[in-house]
Amino acid sequence: MIDYIAAAVGIVIVFIGGVFIFGGMLTNGVANLEQKNSIMQAQSLFDYILLTPGYPSNWGSNSSLTAPKAFGLANAQATQPYTLSQADVMRLLVSSSQFQKNAIQIGGKTYLNLTEGLFSILVPVGKTINYTYVKKVLGIYGSYEFYLSLTPALNVSVHPVSTSQGVKFSVKVTNFFGAPLPLATLTGSLIYLSQTSQGGCPNKNGANCPSLIYYSTATATTNLSGVGILSFNTQVQPQSYALIVQASSSNLIGYGYYSSVTPSHLEAYALLQPGSDNVTLMQHCAVVTTAPCGVDYFNVSNLIQNNSGGFSIINLTCTRYWINGGKGVGNVHSNSTCSGLLYNGFLLVSIKQTGNGQQSNTILEIFPLNVAFANLFVNFGLNPVSTHAISVTTLTRVVVISGVSYIATFAYWPDQAQAYGGLS
């Protein structure tokens, strides 16, 4: 009898244990299946964003369109996959929270100050993309959150090297993870001003004519430490100059810069509208009203990259060739609009400030005409780090924006809280 009872108890124990084991296996199986489904969904959604242009396909450059009916970042005219539209990326950039706090008021309008280092770029507010809206058109609202970042694939740092002959620069190239890149090809473009003002003065005022812009190139290859030296044999040591360096390694392309003009001495802002054929130059006094300013005379050109990797300089036509901020009180001459094919390359501006005890030397400013050349970081969506999200799927792709290589990172996870409002 006791044997029968023991056997029955054993059978019950085995049955209960089996139930627990089977339940654990079932739970693990469901969890693994959910994880696999989440990864597949993330991969599909990520590629959809990077490989489709959205609708309409020109939503990034359409100044009258508040939001696209379908969300995608691909360049509709590109022949290679994972090529993004610079106008679409600019719309994401102005939606990024790190720039929202830099909004400034000019003439009753709001602009985002995208100034980074030696650049002073302003973009009009009102064309940001709402994160919650994007989730709705992607069909994941209330179910999943995502975070999209775009980071330059190459980091190109530039430093001048002291020399009595010509101008030299030390250039170091590292990859996305910070490792040095040997055997990277460097192409440097030195933009500098002449020592005297002579000829080519569009403002018809010879006494206040800005110095002419000159252009020189040099090439080099990085060593095992990822460092290369660019040497330029100019006849004289330039007083104001800027260096643009293109680095190429294993089909990855990045840019680095150096300017003799510090950010605190910049005289003008460039007001850019994605997809526009013109740019507006505004004197810094239209923003900073603490001190009076004199009249700034300027020349302006577009530096456009050609098929061989070099650049060509094209002069632009402006409404006027001088600006006077009038201490930001609404002077009608506080800005000047210049027209040209401003979809690529850089804007070159030589400015000579006069009056109110200001120095009469001409300085050189350069402005990249798209986010790719500016090396700006784009972050869009809800950062999972700030939400302590679990079960996050993270994917990366190499993408190209206006010929520059970027690393696109996509984080995707189940919605675990109330809907995130995003930026409007």
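**Notebook: a disulfide and an open sheet**

Started with C338: at 0% relative accessibility, this cysteine counts as buried. I'm working from a predicted model here.

Next I looked for what C338 is bonded to. Its partner is C318, and the two sulfur atoms sit 2.1 Å apart, forming a disulfide. I checked how many disulfides the structure holds, and the count is 1. The link ties together distant parts of the chain, since C318 belongs to strand 17 (residues 317–318) and C338 to strand 19 (residues 335–339), with the two positions 20 residues apart in numbering.

Is C318 buried or exposed? I get a relative accessible area of 10% for C318, which is under the 20% cut-off, so C318 is buried. For handedness I looked at the angle about the S-S bond: it comes to 105°, and the link of C318 and C338 is right-handed.

Moved on to a sheet. I traced 4 strands in the order 9-8-11-12, with antiparallel pairing, and the sheet is open. Which strands stand at the edges? They are strand 9 (213–221) and strand 12 (252–259); each has a single partner strand, so one side of each lacks a neighbour in the sheet. I also looked up the turn between neighbouring strands of this sheet, which is 15° on average, ignoring direction.

Last, I zoomed in on strand 8 (residues 185–193) and strand 11 (residues 241–249). They run antiparallel and are joined by 8 bridges. I picked L190 to follow across: its bridge partner in strand 11 is L243.

Definitions and conventions
Residues are numbered from 1 along each chain as its sequence is written. This is a predicted model: local features need pLDDT of at least 70, side-chain atom pairs count only at pLDDT 80 or more; totals for chains, interfaces and linings use all residues. Side-chain values use heavy atoms; hydrogens and water are left out. A disulfide is a pair of cysteine sulfur atoms within 2.5 Å. Buried means under 20% relative accessible area, exposed over 50%, partly exposed in between (1.4 Å probe, protein chains only). Two strands pair if DSSP finds at least two bridges between them. Axes are lines fitted to C-alpha atoms, for helices over the stretch in contact, and angles run from 0 to 180 degrees between N-to-C directions.
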